[in-house]
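Here is a short tour of the side-chain contacts and strand pairings in this one. Have the viewer open, and jump between chains as the headings change.

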Amino acid sequence: MHSIYALRIKQDSTFDISNTLFKYNQFTIQPILNNAWNYKQKKNYLNIQGAFYNQSNAINTQIAHAILFKSFVDDKIKNRTFNKLRTNNGYEDEARWSIQYAHYSPKLKLSYSFAYTYRNMRNMVFNKEAFQFVFAGNKMFEDDTINIDKLAFEYMAYNQLQVGISKMIEKKNNCIVLGAAISVLQSPQYLSLKANNSSIYTAPYGEYLEVKYNMQAQQANNGAPEFFSFKGTGLSADFHVSYQRSQNWMLRFNVSDFGFVKYSNEINSYKGDSAIKFEGIVINDILNFTTPNIFKDFKSDSLFKILNIENSKKSFTVFHPVTFNLAFSKVILAGRGIVTIGVQQKTQAKYLPFVWSKFSYQCKRNFVPSVNVAFGGYSYYNLGFELVKKIRSVSVVVGSNNMLGLFIPQHFTSSSLYLRTSIVF
Amino acid sequence: MKKSIFLLLIFIQFILFSCRNKESGWNTDLLTPITSADLSITNLVSDSLVTTNADNSLNLVYKKNIYAFDFSKTLLEIPDTGISKSFRLDSLKLPQQDFITSFTLGQLCKQLISTGTPSNVFLGNTIIARHGGTLVYPSLSGLSVPPTDYDASLYFSEIDLITGYMDGWIKNGFPVTIKNMRFQVKNKIGGDIIIDDLIDSIPAYDSVYRIYNLAGKHVEGSFTFQLINFDTPGSYGIAAPVDTSDEFILDFRIFSFRASSATAIFPSIDVLASTEDVTQEIPGGAKLTYIEAEEGSLNVYISSSVQEGLTLTYTLEGAYDKMGRPLRVSSFVPPAPSSSIPSTIVKSFNLSGYSIDLTGKNHNTFNTYTQTINARVDSSGIERTITSSDSLRISYSIENIKPRLIKGYAGRDTLDVGPEISDFDFFKNIIGGNIDLEDVKLSVNLENGIGVEGDVVIQDFTARKNTSTVSLVAPSVVNNRIRVAKANEFPFRPANTNIALSNANSNIKNLFELLPNQLQYAMKVYVNPNSNDGTYQDFVNSNSKLNVNLNMELPLSLMANNLTLRDTLDFNIGNSIRDLEAIKGGAINLIATNGYPLEAQIDLIVYDQYGTAIDTLLKNYTVKAADLNTTCRVDIPKKSYDKIIISESRMNELAQAYNAVVVARFNTKSNQSSCNSHLKIYSDYRLKIALTADFRYNLNAKF
């Protein structure tokens, strides 16, 4: 009654990965499927997908969503987060949408793909006091010192135009797929901040501040986002290799986002390494002091001047965090289920190996639900799901690698959601 | 269907999450310094200079100009002056004219031969035949020479002389004496005889000088010379040399022409030269010898009936510009169309920057300009008739002279100053309370920037505060003549006369303990009280002033009793509510670190632009006085704290603030029983005021 694609495909003596359960073994931590690696039997494949995820070991999803979606972070939300803060904390998120077209050449057994993706991502590591300072201010540190060390924040948005190719090498029941893709990147926005060995002492009643800092920052997003501006351009490459043993198991290894973006010399760079005692705006002649316009005039320029922060325009190059993903999938339950375990690592500070597992079960011929669990990265526990529904040549996928953060955001630090629809013709 | 609802719920959750609160970002509690001011006494007392005594106690030295008498307005007034004068060409001059005529012995022989008289023919031929040899010349009489024409029409066609002379040498080159020589000069056309002279004897090889007055003669441009008769006694029986080239020469000139009328192609000649003084009266009895003009003009009007072009040169003698160039102005006056239609020109010359000597052409007078006018006919090459009735009328005026400097004697005058009232802002912010000063020293400084000596009498000096007054009582000063020396001209240095007032010779302390806001004064100023000493060394320039300055030295040793200061400050914490919307309320902390032995109670009231009080930010905020040690000095400043609670709504009200009024009441405080008298203020005393913000601030970060 429930025919198994894999068996049927095997009868065709062809490895059609796209039509086997193996297509469900990709974990949603990389929620955008790179169809350059999906080997197709059909000639043309069009895919539109959008996804969002965030994960942290300290910041709950509620506060992350509030900031990202510009809602208000009240004291209750902040305090809940403060209680979870550790000495070192991490956070990352990414939102993207993509449209991709792939073409399969049966004669060459080659798949070509072309894709456009918009990506928007942040990652940061910070200590507890830095977070409290940013979200609660310095009043709670009256007559005390805020130490800020190894603070790193990076935000990047870019457009990605990708061309990919994959080739299947088939021998008896073994199949190896090799794939590579190269992308041109165009980034309209970038922001980074690094601070080490910095501190702020707040005197009683705020009579003065003693600020010690060692920081550098780059900013390429002055004013409103300029979607098509070419403040930064770059290249990146993705690589894929997988080995499939009949329809029984599969091992795959991906390298993603190996590349860089170079920003032009119009980008603001800030650098400061100093210590100051700030006693407010010093008034030399109080009798002729005409406008104590203290709130209006206290803008970034004056702050930089007070802090002796050097502002320059120069170009710089940013290397992407590279993602490595290794996964093993095994078909079980007489071919109706597939279980995958994998590990992912990113070249980001304080990023722990992200270990995950996913189980998919084909309930019906055109409906496959999945569950997944994971631990690591900047997050703790993740519990997710995926639903795949196929209606003729159209597939619709909705999923999350952590639905707990979606539904109980005040208590969990990770969430994700992705939607994908594809059509073959 | 159930699955669709499930998906829908997920997205609704997202949408609700995003829209549930219009606010965004988060609130932070910031505690940060806003501003600080380190106030010493120099910040608190405006327009003052603080000096430090040997024990580091302070004096306030306050300097104020209460009166500046601008002498330039009275002493530098030069009235306009002008003169109009006509000049006739009665001094029309023509150049000297020279002419020579001669005849030889050979020509004379030919003349004898031509008479046809046998004896004359014989003698003529004999002389010619004996040329180179010798001959005993016989006596002859009744000899004559035909007339010789002389053409002077290149110089003039005709001329009527008022004066004029002809002189010359008559040179006898013959070897015999000439006697009874009569000769005539006649106009060739009119035949008028200009000269008719008889010379008794001219020895051989000798000459005689003759001069003839031509006054009243009419002389044509062409005239003739003629030897009408001459005799010779011969060589007295002695052989004399014979040389037919020996000459009899008439060498004459006409000179010193002054013509009543002349028709000529006039050469370029001077026809007028006049130098004269013009003296003007200057009000106030000033006798000036020199001025430097900052502004002014020389205006010249010329009318000429001369039918020939004239170049007129006007020189204001002793006037030089900054480059040392004399004031000499040349103007061309075109020929008059006819004798009844004069040609005119009007010109104006800027005198700014000129220095002018006013001592006349002999440099022994004052208020006197010296001018020289020269007129010169410019030769046009055209024959014209000029008569002595032709005239030049020249009008000139020196107007709107505004001197930068005058020298000489400035005159004698008596000037009343006041009674006048001058604002005195030293205590302007003090609106109440009392102050007990240990001492006050006041020096009235009369700074004379004028090169004129004078006397000043202070008739009244009164401190005023509202309706209260205290008049100066100083017998040695009030109503006494005080001599004010004149300034030194070079290098310029004002003369200073100081009148010292203290507790010892006056009630000056009482005047200033009134905390006056006005000073009333009346003076009499005597200019040049000793009249003119004949040296003419006074000077006044446009910046010359007699300044009356007050130099007050106020030792900061005082007792203050509710001494109340009031001041208004601009107060604008933001341009709009939008500027402040990120601030969600909080407090402003005031931290005063007081190093003065003065306690202050401060009120701070904020007003909107219509003068309506919006808020009282401070009421009786007490800045505690610092404690004194046993030597009545402050060692350790004292800190005072206060907090102004500012809610979000109060912040919005403060956004309307326009200015703020600060009222501070000061009292000297002493924690030492030995320091209950006047307390000194020392140079190291400071009051530091710090404002810090304790605000809840909405941070709407965009990542």
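## Aromatic pairs

For the ring count, rings of Phe, Tyr and Trp (its six-membered ring) pair if their centres lie within 6.5 Å; planes under 30 degrees apart count as stacked, and planes over 60 as edge-to-face. Keep in mind that this is a predicted model. With that rule, searching the whole structure turns up 39 aromatic pairs over all chains. Take A:Trp97 and A:Tyr116: the ring centres are 5.5 Å apart and the planes meet at 65°, so this pair goes down as edge-to-face. The two rings link distant parts of the chain, with A:Trp97 in strand β3 of chain A and A:Tyr116 in strand β4 (residues 110-127) of chain A, 19 residues apart. A:Trp97 has a relative accessibility of 41%, so it counts as partly exposed.

Now look at A:Phe126 and A:Phe131. Their ring centres are 5.4 Å apart with planes at 25°, so this pair is stacked. Both A:Phe126 and A:Phe131 are buried. Over in chain B, ring pairs build a cluster out of B:Phe99, B:Tyr150, B:Phe183, B:Tyr212, B:Phe223, B:Phe225 and B:Phe252.

## Charges over rings

Chain B also has rings with a charge sitting over them. The charged end of B:Lys407 is over the ring of B:Tyr290, 5.0 Å from the ring centre. For B:Arg633, the ring underneath belongs to B:Tyr682, and the charged end is 4.0 Å from that ring's centre.

## Salt bridges

Side chains of opposite charge can pair when their charged atoms come close. How many salt bridges are there over all chains? The count comes to 33. One of them joins the side chains of A:Lys346 and A:Glu92, at 2.9 Å from N to O. A:Lys346 belongs to strand β17 (residues 337-346) of chain A and A:Glu92 to strand β3 (residues 88-105) of chain A, so this pair ties together parts that are 254 residues apart in sequence. As for solvent, A:Lys346 and A:Glu92 are both buried.

In chain B, the side chains of B:Asp29 and B:Arg696 meet in a salt bridge, again listed at 2.9 Å from N to O. B:Asp29 is in strand β1 (residues 25-39) of chain B and B:Arg696 in strand β43 (residues 687-699) of chain B, so the bridge ties together parts that are 667 residues apart in sequence. B:Asp29 is partly exposed at a relative accessible area of 22%, and B:Arg696 is partly exposed too, at 24%.

## A helical pair and a network

What separates B:Lys509 from B:Glu513 in helix α6? They are 4 residues apart in that helix (residues 508-513) of chain B, which means a separation of about one helical turn. Their side chains meet in a salt bridge of 2.9 Å, N to O. Buried or partly exposed? B:Lys509 has 17% relative accessibility and so counts as buried, while B:Glu513 has 23% and so counts as partly exposed.

Salt bridges that share partners also make one network out of A:Asp75, A:Lys78, B:Asp29 and B:Arg696.

## Around B:Thr368

B:Thr368 is in strand β23 (residues 368-377) of chain B. At 1% relative accessibility it counts as buried. Leaving out residues up to four places away in sequence, B:Thr368 touches B:Asp277, B:Val278, B:Thr279, B:Asp357, B:Leu358, B:Thr359 and B:Gly360.

Two of those neighbours deserve a second look. B:Asp277 is 91 residues from B:Thr368 along the chain, with 6.2 Å between their C-alpha atoms. With B:Thr279, the side chain of B:Thr368 makes a polar contact of 2.7 Å.

## Strand β35 of chain B

Last stop: strand β35 (residues 545-555) of chain B. Of its 11 residues, 8 are buried, so the strand is largely enclosed by the rest of the structure.

Which strands pair with β35(B)? Strand β3 (residues 58-70) of chain B does so in the antiparallel sense over 11 bridges, with B:Ala68 standing opposite B:Asn547. Strand β28 (residues 441-448) of chain B pairs with β35(B) in the antiparallel sense over 8 bridges, and there B:Ser443 has B:Asn551 as its bridge partner.

Terms used: Residues are numbered from 1 along each chain as its sequence is written. Chains are lettered from A and ligands numbered from 1 in the order in which they are written. This is a predicted model: local features need pLDDT of at least 70, side-chain atom pairs count only at pLDDT 80 or more; totals for chains, interfaces and linings use all residues. Side-chain values use heavy atoms; hydrogens and water are left out. A salt bridge is a side-chain nitrogen of Lys or Arg within 4 Å of a carboxyl oxygen of Asp or Glu. Helices (H or I, at least four residues) and strands (E, at least two) are DSSP runs, numbered from the N terminus. Buried means under 20% relative accessible area, exposed over 50%, partly exposed in between (1.4 Å probe, protein chains only). Contact means heavy atoms within 4.5 Å. A polar contact is a pair of N or O atoms within 3.5 Å; within protein, one must be able to donate a hydrogen and the other to accept it, and residues adjacent in sequence count only if both atoms are side-chain atoms. Two strands pair if DSSP finds at least two bridges between them. A charge sits over a ring if NZ of Lys or CZ of Arg is within 6 Å of the ring centre and within 35 degrees of the ring normal.
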